[in-house]
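User: I would like to learn how to read aromatic side chains in a model. Could you walk me through it?
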Amino acid sequence: MASAAPGLWQRFAGWCARNLPTRESMENSRLLRPVAHRVLAPHLWRFTRRSVPRGVALGMVTGILFPVAQIPFSAMLALPLRANIPAAALTTFITNPFTTPPLWVAAYWIGKWALRIDAALPGDPVREAANAGWAQWLLSDAAPATAVGLLIVTGAFAIGGYFLAMFGWRLWIARKWRNRRTRNQD
């Protein structure tokens with residue numbers, strides 16, 4: 001099993017090297033040319049203990065709150081926040097066709113709980129939606145609950161992602177130091 005992981009990692013790294021744009025291609029891009037000097041700043045692409053957690057938190061925010069153009073939004077917002085652009089871009093993939101529907105349903109229920117819609121509206125709003133029509137229900141009850149729920153979920157995911165990335169960074173550095181110490185003792 002241990003030999004399968006490096007093979008998988010090497011294949012993934014090879015795929016990234018073949019398919020991801022190079023710095024030169026981004027500098028020569030007609031769309032990026034006006035802001036290339038800002039977007040391609042080295043400190044935004046360097047993996048540091050402060051920029052990676054910022055990038056993860058930013059990727060969570062843009063991945064959940066922006067339904068389209070998540071990666072460009074995360075790259076633009078990484079500039080003033082000094083966040084790592086690759087970490088922000090990769091973290092936006094938390095939302096995909098498999099995770100978005102459960103996320104939005106959870107956001108609706110969390111928003112419904114936060115706004116106490118059940119106490120304000122008699123009956124069962126979900127059952128009434130089937131009878132009254134989805135468009136009317138969406139505009140009357142579901143939209144505020146889903147919006148508030150998405151903000152709560154986004155905040156929780158961003159804070160959790162930030163601290164998880166910070167903790168993961170510490171574990172990675174501790175393992176590197178432990179391996180270095182054992183190599184030097186041999």
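User: Happy to start with one residue: is W9 buried or exposed?

Analyst: Gladly! This is a predicted model, where local features need pLDDT of at least 70, side-chain atom pairs count only at pLDDT 80 or more, and totals for chains, interfaces and linings use all residues. Residues are numbered from 1 along each chain as its sequence is written, and side-chain values use heavy atoms, with hydrogens and water left out. Buried means under 20% relative accessible area, exposed over 50%, and partly exposed in between (1.4 Å probe, protein chains only). W9 has 58% relative accessibility, so W9 counts as exposed.

User: How do I read a pair of aromatic rings?

Analyst: A pair of aromatic rings is described by the distance of the centres and the angle of the planes. Rings of Phe, Tyr and Trp (its six-membered ring) pair if their centres lie within 6.5 Å; planes under 30 degrees apart count as stacked, over 60 as edge-to-face and the rest as tilted. That rule gives four aromatic pairs here. One of them is F66 with F73: the centres are 4.4 Å apart and the planes at 25 degrees, so this pair is stacked.

User: Which kind of pair do Y162 and F163 make?

Analyst: Their centres are 5.4 Å apart and their planes at 90 degrees, so Y162 and F163 are edge-to-face. Y162 is partly exposed at 28% relative accessible area, and F163 is partly exposed at 47%.
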